[in-house]
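Q: Please take a close look at the peptide-bond geometry of the loops in this model. I should also like to see how that part sits beside the strand and ring pairings described elsewhere in the chain.

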Amino acid sequence: NLSRAIPYGDSIVFSLKNGSYVHGTVTTSASCVAGSSWNGSVCQPVNNDPIGNFEGGSCTITGWACDPDNYGTPISVDLKVGATTIGSPLANITRDATVGAQCGGNRVHGFSFSMPSQYQNGVPVTVEATAINTPSGNNPSLGSQSVTCLNVSGDLTVSPSSCVIANGASTCTVGATWSTSNVASPSLVDG
């Protein structure tokens with residue numbers, strides 16, 4: 001038996017000889033294992049960029065992201081308004097088959113994020129989504145979306161809750177009061 005170290009990109013010719021008679025010759029070469037590449041000094045795993053889509057939304061923003069190097073592990077998505085990170089949801093929500101087709105058959109790569117309260121005022125902001133490569137590498141943008149969130153809340157009270165029409169009358173009277181927050185011009189619409 002004979003063994004030889006073969007550097008990347010080189011080849012060695014092995015010959016089986018009996019005196020001057022050559023019984024066979026085999027040439028073998030060295031390359032990196034599938035899923036890795038030569039970095040100039042060693043073979044190392046290929047580190048693909050994550051892929052995904054930022055769909056946007058209003059008070060809840062959604063999208064999906066996965067890392068082609070490991071479809072079985074969810075990745076985080078950084079969400080920023082300007083230079084401020086507003087959240088980093090984990091992309092671990094089951095999505096449709098289209099997402100699964102992009103993520104190696106694994107559909108569990110969706111994310112959903114509720115806009116923080118300071119952005120629930122009806123003023124549009126641009127949200128940028130960035131997929132985070134694991135364990136490291138390039139973190140590609142999934143795009144940006146203009147998001148307007150207006151979280152209206154309030155109470156409506158009708159008093160009395162019902163009324164009785166007197167004999168000889170055709171109507172009775174009820175009153176309505178309300179209180180709201182995050183509304184530019186509240187109004188009550190009956191009917």
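A: Strands are here DSSP runs of E with at least two residues, numbered from the N terminus. The model is predicted.

With the strands so defined, Pro 135 falls in the loop between β11 (125-131) and β12 (141-147). A cis peptide bond links this proline to Thr 134, with omega at about 0°. Further along, the loop between β13 (153-159) and β14 (175-181) contains Pro 160. Ser 159 and Pro 160 are likewise joined by a cis peptide bond, for which omega is about -10°. As general background, most peptide bonds are trans.

Elsewhere, the ring pairing can be set out as follows. The count comes to 1 aromatic pair. Tyr 8 and Trp 38 make up this stacked pair, with 4.3 Å from centre to centre and 5° between the planes. Because Tyr 8 belongs to the segment before β1 (11-18) and Trp 38 to strand β3 (residues 36-38), the pair ties together parts 30 residues apart in sequence. Tyr 8 counts as partly exposed, at 38% relative accessibility, and Trp 38 also counts as partly exposed, at 34%.

As to strand pairing, an open sheet of 4 strands runs in the order β5-β6-β10-β9, with antiparallel pairing. Its edge strands are β5 (51-57) and β9 (93-94), each of which pairs on one side only. β5 pairs with β6 (residues 60-66) in the antiparallel sense over 6 bridges; within that pairing, Ile 51 has Cys 66 in β6 as its bridge partner.

Terms used. Residues numbered from 1 in each chain as written. Predicted model: local features only at pLDDT ≥ 70, side-chain atom pairs only at ≥ 80, totals over all residues. Heavy atoms only, no water. Pairing = 2+ DSSP bridges. Phe/Tyr/Trp six-rings, centres within 6.5 Å; stacked < 30°, edge-to-face > 60°. Buried < 20%, exposed > 50% of the residue type's maximum accessible area, 1.4 Å probe, protein only.
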